[in-house]
Amino acid sequence: MLRDVYSRPIKDLRISVTDRCNYRCTYCMPLEEYVWIDRSEILSFEEITRLARLFAALGVEKVRITGGEPLVRKDLHRLIGMLSGIESVLDLCLTTNASLLSEQIGDLGAAGLKRINVSIDTLVHEKFKQITKRGDLDKVLEGLFAAKALGLHPIKINAVIERGLNDDDIIPLVEFSREHGFSMRFIEYMDVGNANNWISEKIVSKKEILATINARYPLREVGRDSGTAPAVDYEFTDGVGDVGVIASVTEPFCSSCTRARLTADGKLVTCLFSDQGHDLKSLMRNGATDEQLIEVISSVWTQRTDRYSDERLAAMNSPEGYQPKAHHKIEMITLGG
Ligand SMILES: C[S@@+](CC[C@H](N)C(=O)[O-])C[C@H]1O[C@@H](n2cnc3c(N)ncnc32)[C@H](O)[C@@H]1O
Ligand code: SF4
């Protein structure tokens, strides 16, 4: 099995299929300084599938399709169908803002999609528009319930919690997910990219999120799925539903990180906070064989030393503090969340 410098195996592949998005979420979108990836540089579905097969041969069992907004990529269901054909990929999932989901869910389901994560940070219409800049909450809910009606399971709802913006949405989101059988995932606000004006004061920590929920709906810790998932999961003691918290800032999980990332233009990136990737697309387009690509991927992974969130926490606790702008990072829309 392929292991990096800290003995972490490669198990998950997050594939960004586009850096384009129809939303402009304030915590994610680098509006001013971002240079969009040229269309000719975007991997074709055939190129993505070829790479996914090679990653699967190296140990990847889970593939997540993300972006930007993956559903703005034309005919995404075709890619889902192609990836579903890779036998050793046990879990194929999509992370989406769901704005275009109701139109596409039939084709996606027929192509083999079993699982989705939908991002919803608030159930208040006005605030949803304020956060996403252009989103229509009703359209998102239509997509969410269409996926439920089709039998996708589990359906997870992701919410990034930002102090003063939507910390008062924690309980309504919990109640909504319990009522409708969705799994709620709260995400600590992270300093992804370079343009989202992140300051540590805006983080609502895992501890605070759990205290808020626990005061109303008592919880019991279940742990991380497979021991390596980003979320720590909890179940409600009354037996109705579950909730997870992704605490990359206050409780980093670098030591168990098994995730590789592929950008829409074919760069292999080994950490969400990396400043560079390894260009697999150019190798492929210059005629590299599968064996050569496997060698490159293996070499990148075996030399991997990333532990950015561990280092950020240490810096936050140091007398100098943490300076988010001191480290240039690839933007979230390029990398996929
Ligand atoms: C980059 S988005 C891509 C997929 C899709 N457009 C969506 O919003 O679900 C993937 C995930 O990253 C999360 N995300 C984006 N910026 C973040 C930030 N600064 N901190 C924490 N999570 C963030 C989003 O909320 C979303 O759940
Ligand atoms: S979080 Fe998702 S929906 Fe929002 S701007 Fe980023 S990519 Fe788009």
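The paragraphs below lead through this predicted model, from its two ligands to its aromatic rings and then to its backbone.

Residues are numbered from 1 along each chain as its sequence is written, and chains are lettered from A and ligands numbered from 1 in the order in which they are written. Because the model is predicted, local features need pLDDT of at least 70 and side-chain atom pairs count only at pLDDT 80 or more, while totals for chains, interfaces and linings use all residues; side-chain values use heavy atoms, with hydrogens and water left out.

A good place to begin is ligand 1. A residue is near a molecule if one of its heavy atoms lies within 4 Å of it, and around ligand 1 there are 20 residues, of which Tyr27, Gly68, Glu69, Ser119 and Met190 come nearest. Several polar contacts can be followed here, a polar contact being a pair of N or O atoms within 3.5 Å (within protein, one must be able to donate a hydrogen and the other to accept it, and residues adjacent in sequence count only if both atoms are side-chain atoms). In the side chain of serine 119, an N or O atom is 2.6 Å from an oxygen atom of ligand 1, while a nitrogen atom of the ligand lies 3.1 Å from a polar side-chain atom of glutamate 69. Threonine 96 takes part through its backbone, one N or O atom of which lies 3.4 Å from an oxygen atom of ligand 1.

Taken alone, ligand 1 exposes 550 Å², and the protein buries 95% of that; such accessible areas come from the Shrake-Rupley method with a 1.4 Å probe, and for residues only the protein chains shown count as cover. The elements that give two or more residues to the shell around this ligand are the strands β3 (91-96), β5 (155-161) and β6 (183-188), where helices (H or I, at least four residues) and strands (E, at least two) are DSSP runs numbered from the N terminus. By type, the shell holds eight nonpolar, 10 polar and two charged residues. In this scheme Ala, Val, Leu, Ile, Met, Phe, Trp, Tyr, Cys and Pro count as nonpolar, Asp, Glu, Lys and Arg as charged, and the others, Gly among them, as polar.

Around ligand 2 are Cys21, Tyr23, Cys25, Tyr27, Cys28, Gly68, Asn97 and Ile333, a shell that divides into six nonpolar, two polar and no charged residues.

We can turn next to the aromatic rings. A pair of aromatic rings is described by the distance of the centres and the angle of the planes. Rings of Phe, Tyr and Trp (its six-membered ring) pair if their centres lie within 6.5 Å, and planes under 30 degrees apart count as stacked, over 60 as edge-to-face and the rest as tilted. The whole structure has nine aromatic pairs. The pair of phenylalanine 145 and phenylalanine 176 is edge-to-face, because the ring centres are 6.0 Å apart and the planes stand at 80 degrees. This pair links distant parts of the chain, with phenylalanine 145 in helix α5 (residues 137-149) and phenylalanine 176 in helix α6 (residues 170-180), 31 residues apart. Phenylalanine 145 is partly exposed at 29% relative accessibility, whereas phenylalanine 176 is buried at 13%; buried means under 20% relative accessible area, exposed over 50%, and partly exposed in between (1.4 Å probe, protein chains only).

Tyrosine 308 and tyrosine 322 also form an edge-to-face pair, because their ring centres are 6.5 Å apart and their planes are at 75 degrees. Both are buried, tyrosine 308 at 10% relative accessibility and tyrosine 322 at 15%, and ring pairs link them with Trp198 and Phe273 into a cluster. The charged end of arginine 312 sits over the ring of phenylalanine 273, 4.6 Å from its centre, a description used if NZ of Lys or CZ of Arg is within 6 Å of the ring centre and within 35 degrees of the ring normal.

The backbone completes the tour. Most residues other than glycine have a negative phi, and most peptide bonds are trans. Histidine 153 and proline 154, however, are joined by a cis peptide bond with omega of about -5 degrees, and proline 154 lies in the loop between α5 and β5. Aspartate 75, which is not a glycine, has a positive phi of about 55 degrees and lies in the loop between β2 (62-66) and α2 (76-84).
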